[in-house]
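Subject: Structure handed over, with notes

Dear colleague,

Here is the structure we spoke about, with the sequence alongside. Please open it first, and then read the notes below with it on your screen.

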Amino acid sequence: MKYLLLLASDPAVGPQTDEELAAEMPKWAALTEEMAKAGVLQGGEALQPPATATTIQVRNGERVISDGPYAETKEVLGGFYLIETDNLDEALEWAAKIPSAIYGSVEVRPVWDIPTT
Amino acid sequence: MDIAEVFANEWHKIVATVSRDFGDIELAEDAAQTAFSKAHRLWRSGLPKNPGAWLTTTARNYAIDTVRRSKNYSDKLALMRDQPGPDEANELLDPQLSLLLTCCHPALNLESQVALTLRLVGGLTTDQIASAFRVDSPTMGKRLTRAKNKIKAAGISVDSATHETLLERVESIRNVIYLIFNEGYASNSTNELIRGSLCDEALWFAQLLCQLDPGVNENYGLQALVAFNDSRRNARTDREGLPVLLEDQDRTLWNPEKIGQGESCLRHLNRQQPFGPYSLQSLISYEHVAAMSFEDTNWQTIYDLYTLLLTIEPNPIIQLNQYVALSYLENTLGVLDKVELLETELSDYLYWHTTKAQLFARAGQVGKAVECYQNAVALTSSESEHRWIRRQIDKMT
């Protein structure tokens with residue numbers, strides 16, 4: 001099954017300065033490599049900050065476009081991993097290893113399995 | 001043995017086996033349901049020699065037929081587990097334990113864990129569970145359906161739990177059992193479910209866990225705690241249905257069998273292993289059931305056990321309970337000062353106010369006691385709690 005691991009955290013917590021961010025990079029690289037080696041990695045990116053986001057909703061046939069992210073919470077989406085594992089517990093194992101899991105949240109959402117036939 | 005007993009003993013085994021073999025919990029539920037319906041019809045003239053085997057075979061046949069008729073036949077075939085090889089068999093858990101772990105998976109919300117466990121392991125019907133939790137049947141039905149859908153959609157495994165899984169998540173199972181007991185204890189209803197009331201069901205689950213996952217202190221602790229607390233069932237309420245305090249209970253009404261069951265669990269506790277919260281709470285509960293009368297209660301031991309409990313579960317309610325024990329060892333007014341210090345955390349907690357009231361009453365300060373009882377009234381909308389509080393006030397004035 002494919003799972004999207006959505007990485008969210010409050011921008012006020014976690015690494016703040018350039019030095020702190022640089023110190024985190026090896027942890028991310030190591031995890032990505034571990035996932036690739038295990039054959040579970042399908043994709044993953046870091047996202048630009050929420051100020052660059054745009055949200056679109058369609059209501060009554062009208063497109064409603066708004067500035068910023070969709071959710072009114074302190075935590076903002078910072079990135080994602082797309083992985084494929086046998087079951088939820090395995091996906092959760094990988095999610096637990098994500099460096100930002102310590103100071104933020106990881107939402108694990110199954111991807112719709114649309115048959116291609 | 002009659003079919004009701006067979007059902008009570010075998011339901012969860014059938015659901016677990018089919019769940020393990022077919023990797024599909026909903027199919028397992030339907031298969032078990034069908035097998036028991038058939039049994040009701042065909043066993044009128046008497047039970048077969050091996051009812052468990054009869055039911056398992058019938059359920060599996062139903063499952064195989066269903067899978068054959070389904071559109072994703074080849075996919076389902078792939079899901080059907082071949083007999084595990086020797087390595088795999090050692091790795092994998094008993095299917096009954098697996099089923100418990102699935103029902104109590106933390107990805108499901110607590111209400112769903114409780115409902116699913118009662119349905120798939122306990123074998124209670126949706127109506128029975130609804131009535132036990134005082135919601136209507138359609139609501140409970142939806143809760144169960146959503147839970148089963150989540151298991152499918154999120155890929156919660158039903159058949160691959162290992163010993164490592166158990167170590168990580170057995171706490172969820174204990175938590176669900178305790179919640180079931182708590183609900184039964186609080187509602188004090190006498191629903192006739194499968195094994196009796198909701199408390200009886202909880203005790204059955206606690207026993208089952210000890211059988212499936214033996215040698216674990218917390219499992220025995222939970223069973224003992226449930227057994228000891230439930231042993232007081234007949235003494236806990238008076239003829240008007242109002243609660244009777246421990247100090248006023250007629251101890252001849254306590255159930256000696258349940259006490260014996262709890263004591264037997266305590267003998268299984270292994271002192272070489274750590275004692276977790278359930279183990280400690282069961283030892284505290286034991287001090288009460290072991291005392292011939294309230295006056296004979298060994299408060300020092302209870303106090304010491306609370307000290308241990310607070311090191312692993314430092315919370316204000318447990319602290320309050322320790323202070324109550326302390327009040328029987330030391331000066332009541334001194335303890336009242338300590339209880340006051342818990343105000344920030346517990347000012348919304350009914351029993352903080354009633355405990356203070358009782359302490360003031362024991363210290364002879366009736367006016368302050370009444371004041372505390374009046375503050376307590378404001379915190380509950382329960383009619384029976386109001387009546388009980390008013391009665392305590394009347395007794396003093």
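A:Ile56 is found in strand β3 (residues 54–59) of chain A, and please keep in mind throughout that the model is predicted. With a relative accessibility of 49%, A:Ile56 counts as partly exposed, because exposed would require over 50%. Together with A:Val58 and A:Ile65, A:Ile56 makes a nonpolar surface patch of about 300 Å².

As for confidence, chain A has a mean pLDDT of 84, with 93% of its residues at 70 or more. Within chain A, helix α1 (residues 18–38) has the highest confidence, at a mean of 93, whereas strand β4 (residues 62–67) has the lowest, at 73. Where pLDDT is low, the predicted coordinates should not be read in detail.

Turning to the interior, the largest nonpolar core holds 87 residues, and the members that touch the most others are A:Leu5, A:Ile83 and B:Leu118. Helix α11 (residues 198–212) of chain B gives this core its largest share, 10 residues. Apart from this core lies another, of 24 residues, which includes B:Cys210, B:Leu246, B:Leu266 and B:Leu269. Leaving aside residues up to four places away in sequence, B:Leu118 has contacts that include B:Phe133, B:Ile180, B:Leu198 and B:Phe205.

Lastly, B:Arg134 sits in the loop between α8 (126–132) and α9 (137–153) of chain B, and its phi is near 55°, a positive value in a residue that is not glycine. Most residues other than glycine have a negative phi. B:Arg134 counts as exposed because its relative accessibility is 60%, and the cut-off is over 50%.

With best wishes

Conventions
Residues are numbered from 1 along each chain as its sequence is written. Chains are lettered from A and ligands numbered from 1 in the order in which they are written. This is a predicted model: local features need pLDDT of at least 70, side-chain atom pairs count only at pLDDT 80 or more; totals for chains, interfaces and linings use all residues. Side-chain values use heavy atoms; hydrogens and water are left out. A nonpolar core is a set of buried Ala, Val, Leu, Ile, Met, Phe, Trp, Tyr and Cys residues joined through side-chain atoms within 4.5 Å. Buried means under 20% relative accessible area, exposed over 50%, partly exposed in between (1.4 Å probe, protein chains only). Helices (H or I, at least four residues) and strands (E, at least two) are DSSP runs, numbered from the N terminus. Contact means heavy atoms within 4.5 Å. Patches are made of residues with over 30% relative accessible area and no salt bridge: like charges are joined within 9 Å, nonpolar side chains (Val, Leu, Ile, Met, Phe, Trp, Tyr) within 5 Å. Accessible areas come from the Shrake-Rupley method with a 1.4 Å probe; for residues, only the protein chains shown count as cover. A salt bridge is a side-chain nitrogen of Lys or Arg within 4 Å of a carboxyl oxygen of Asp or Glu. pLDDT is the predictor's confidence in each residue, from 0 to 100.
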